Amino acid sequence: MESAPNPDLILIATGSEVSLTLTAARKLADNGTKVRVVSLPSWEIFDRQPREYRDSVLPPAITARIAVEAGIKLGWEHYTGLQGKIIGMETFGASAPASILFEKFGFTTDKIIAAADELLHRT
């Protein structure tokens with residue numbers, strides 16, 4: 001999937017969440033939404049890049065952003081902005097195969113698509 005040059009929506013993920021996010025992005029794109037998926041595995045490295053580069057990856061004008069993080073939500077608002085959404089964990093201690101945990105805690109393409117629809121209709 002080619003990155004949208006002027007996206008309606010930016011989806012941000014790391015690690016195992018990237019494939020889930022790409023699946024959601026494809027479904028959104030099939031319905032006409034211009035989506036950019038950003039893999040952001042290191043905040044520290046990204047934040048050290050020149051402002052021009054960071055703004056080319058996460059254009060400030062695009063406020064419809066969703067971060068998908070199977071860990072804690074804390075800190076992701078730096079990349080989603082206050083108008084964006086974060087699909088992440090609020091609790092700790094669950095143990096099961098990843099597919100079961102992802103479903104239980106809402107790490108699904110349907111949840112990403114629902115969050116995207118809400119953001120796009122709000123912005």
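## Ile72 and the end of strand 3

Ile72 belongs to strand 3, which covers residues 65-72. In this predicted model, Ile72 counts as partly exposed because its relative accessibility is 44%. The C-alpha atom of Ile72 lies 5.8 Å from that of Gly88, although 16 residues separate the two along the chain.

Strand 3 as a whole is largely enclosed by the rest of the structure, because six of its eight residues are buried. The partly exposed state of Ile72 follows from the cut-offs: a residue is buried under 20% relative accessible area and exposed over 50%, and the 44% of Ile72 therefore places this residue in the partly exposed class.

## Overall organisation

The protein contains six helices and four strands. Along the sequence these elements follow the order β-α-β-α-α-β-α-β-α-α. Of the 123 residues in the protein, 43% are buried.

The contacts have a long-range component. When contacts between residues at least 6 apart in sequence are considered, 63% join residues at least 24 apart.

## Strand pairing

Strand 1 (residues 9-13) pairs with strand 2 (residues 35-39) in the parallel sense, over five bridges. One residue pair in this arrangement is Ile10 with its bridge partner Arg36 in strand 2. Strand 1 also pairs with strand 3, again in the parallel sense, through four bridges. Here Ile12 stands opposite Ala67 of strand 3.

Strand 3 in turn pairs with strand 4 in the parallel sense, over four bridges. Ala67, which stands opposite Ile12, has Ile86 as its bridge partner in strand 4. Ile66 has Lys85 as its bridge partner in strand 4. Strand 4 is largely enclosed by the rest of the structure, since four of its five residues are buried.

## Helix 1 and the crossover

Helix 1 (residues 17-30) forms a right-handed β-α-β unit together with strand 1 and strand 2. What span should the 14 residues of helix 1 have at 1.5 Å a residue, and how far apart are the end C-alpha atoms? The expected span is 20 Å and the end C-alpha atoms are 20 Å apart, so the two values agree.

The buried residues of helix 1 are Glu17, Val18, Leu20, Thr21, Ala24, Ala25 and Leu28. These residues lie on the same side of helix 1, because they cover an arc of only 160° around the axis.

## The loop after helix 1

Just after helix 1, Gly32 adopts a positive phi of about 95°. Thr33 is located in the loop between helix 1 and strand 2. Is Thr33 buried or exposed? Thr33 counts as buried, because its relative accessibility is 14%.

Leaving aside residues up to four places away in sequence, Thr33 touches Asp8, Leu9, Leu28 and Leu120. Among these contacts, Leu28 is also one of the buried residues of helix 1.

## Salt bridges

Side chains of opposite charge can pair when their charged atoms come close. How many salt bridges does a search of the whole structure find? The search finds two.

One of them joins Asp55 and Arg51, with the closest N and O atoms 3.6 Å apart. Both residues are in helix 3 (residues 51-57), and because they are four residues apart, about one helical turn separates them. Asp55 counts as partly exposed because its relative accessibility is 25%, whereas Arg51 is exposed because its relative accessible area is 51%.

The other salt bridge is formed by Glu118 and Lys85, with the closest N and O atoms 3.0 Å apart. This pair links distant parts of the chain: Glu118 is in helix 6 (residues 109-122) and Lys85 is in strand 4 (residues 85-89), 33 residues apart. Glu118 counts as partly exposed because its relative accessibility is 43%. Lys85 likewise counts as partly exposed, because its relative accessibility is 21%. Lys85 thus takes part in the salt bridge with Glu118 and is also the bridge partner of Ile66.

Note on methods: Residues are numbered from 1 along each chain as its sequence is written. This is a predicted model: local features need pLDDT of at least 70, side-chain atom pairs count only at pLDDT 80 or more; totals for chains, interfaces and linings use all residues. Side-chain values use heavy atoms; hydrogens and water are left out. Helices (H or I, at least four residues) and strands (E, at least two) are DSSP runs, numbered from the N terminus. Buried means under 20% relative accessible area, exposed over 50%, partly exposed in between (1.4 Å probe, protein chains only). Two strands pair if DSSP finds at least two bridges between them. A crossover is right-handed if, with the strands pointing away from the viewer, the path from the first strand over the helix to the second runs clockwise. A salt bridge is a side-chain nitrogen of Lys or Arg within 4 Å of a carboxyl oxygen of Asp or Glu. The expected span of a helix is 1.5 Å times one less than its number of residues. The arc is that of the directions from the helix axis to the C-beta atoms. Contact means heavy atoms within 4.5 Å.
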